[in-house]
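Reader: I've got the coordinates loaded and a few things I'd like to ask. Can you walk me through them?

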Amino acid sequence: GGGSLHSEERRRFRGEWQNRQPTKIRVVFPSLIWRGKDVLVVNKPADWICSASDVDKKKGRPLDPNEKCSSKGFRILEDMLQYKFADREKKYIHWWIQLMHDLDHKAYPNLFDENQNYGLCHRLDRETSGTVLVGLTQLARQQMRECFH
């Protein structure tokens, strides 16, 4: 004895733990609240990440290689909507924004520019849900950012 689990009980417990099915998580996706000529208002659910690529680059920090939409193989919005995200797997808000714009770099270069933080005018913490402003152009982003400072 000694109060510890017998080895066969320990093995059984360990086996049960290892054979557990991964819990299915329900992903809440961002949604568009309002669209202007050069501005988007997006609802960011909790657990989605607002990148800080512009700050990271200025400070010489390496960017997360998974920040690119292509790192997940997403080519259309439906790819992301069908993807089975694991619990706490990173989900960047700019992926949804870029896919909503058909990954059109030419028409919306600001949404793909790391130096413009993918158009995000401000950030919310990962755990926080709320409204995020997105500048479709550099000028729109700059003007909105001035309102925060």
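**Salt bridges, strands and one buried acid**

Reader: Is Arg61 buried, partly exposed or exposed?

Author: This is a predicted model, so take each value as computed from it. The relative accessible area of Arg61 is 41%. Buried would need under 20% and exposed over 50%. That makes Arg61 partly exposed.

Reader: Which residue does Arg61 meet in a salt bridge, and what is the N to O distance?

Author: The partner is buried, as its relative accessibility is just 16%. That residue is Asp56, and the side chains of Arg61 and Asp56 meet at an N to O distance of 3.0 Å.

Reader: How many salt bridges are there in total?

Author: The pair Arg61 and Asp56 is a salt bridge, and so is the pair Lys37 and Asp38, at 3.6 Å from N to O. The cut-off for such a pair is 4 Å. By that rule the count comes to ten.

Reader: In the Lys37 and Asp38 pair, is Lys37 buried or exposed?

Author: Take Asp38 to begin with: at 25% relative accessibility it counts as partly exposed. Lys37 has a relative accessible area of 75%, and the line for exposed is drawn at over 50%. So Lys37 is exposed.

Reader: How many residues apart are Arg88 and Asp47?

Author: Arg88 forms a salt bridge with Asp47, with the closest N and O atoms 3.0 Å apart. The pair links distant parts of the chain: Arg88 is in the loop between α3 and α4, while Asp47 is in the loop between β2 and α2 (53–58). Their separation along the chain is 41 residues.

Reader: Of Arg88 and Asp47, which counts as buried?

Author: Arg88 has 47% relative accessibility and counts as partly exposed. Asp47 is at 18%, and buried means under 20%. The buried one is therefore Asp47.

Reader: Which residues are linked in a network of salt bridges with Asp47?

Author: We've already met one member, since Arg88 forms a salt bridge with Asp47. The network also takes in a lysine and another arginine. Along with Asp47, the linked residues are Arg88, Lys91 and Arg126.

Reader: Which side chain makes a polar contact with the side chain of Glu89?

Author: Glu89 sits in the loop between α3 (77–82) and α4 (93–100), and it counts as buried at 16% relative accessibility. Beyond its neighbours within four places in sequence, Glu89 is in contact with Lys72, Tyr83, Lys84 and Arg126. The polar contact, at 2.4 Å, is with the side chain of Lys72.

Reader: Why is strand β2 described as largely enclosed by the rest of the structure?

Author: Strand β2 pairs antiparallel with β1 (residues 31–35) over four bridges, and six bridges join β2 to β3 (residues 130–135), again antiparallel. As for burial, β2 covers residues 39–44, and the description rests on how many of its six residues are buried. The number is five.

Reader: In β3, which residue is the bridge partner of Lys44?

Author: On the β1 side, the hairpin of β1 and β2 has three residues between the strands, and Ser31 has Asn43 as its bridge partner. On the β3 side, the bridge partner of Lys44 is Gly130.

Reader: Zooming out, in what order do the elements run from the N terminus?

Author: The protein has five helices and three strands. Buried residues make up 38% of its 149 residues. From the N terminus on, the order is α-β-β-α-α-α-β-α.

Definitions and conventions:
Residues are numbered from 1 along each chain as its sequence is written. This is a predicted model: local features need pLDDT of at least 70, side-chain atom pairs count only at pLDDT 80 or more; totals for chains, interfaces and linings use all residues. Side-chain values use heavy atoms; hydrogens and water are left out. Helices (H or I, at least four residues) and strands (E, at least two) are DSSP runs, numbered from the N terminus. Buried means under 20% relative accessible area, exposed over 50%, partly exposed in between (1.4 Å probe, protein chains only). A polar contact is a pair of N or O atoms within 3.5 Å; within protein, one must be able to donate a hydrogen and the other to accept it, and residues adjacent in sequence count only if both atoms are side-chain atoms. Contact means heavy atoms within 4.5 Å. Two strands pair if DSSP finds at least two bridges between them.
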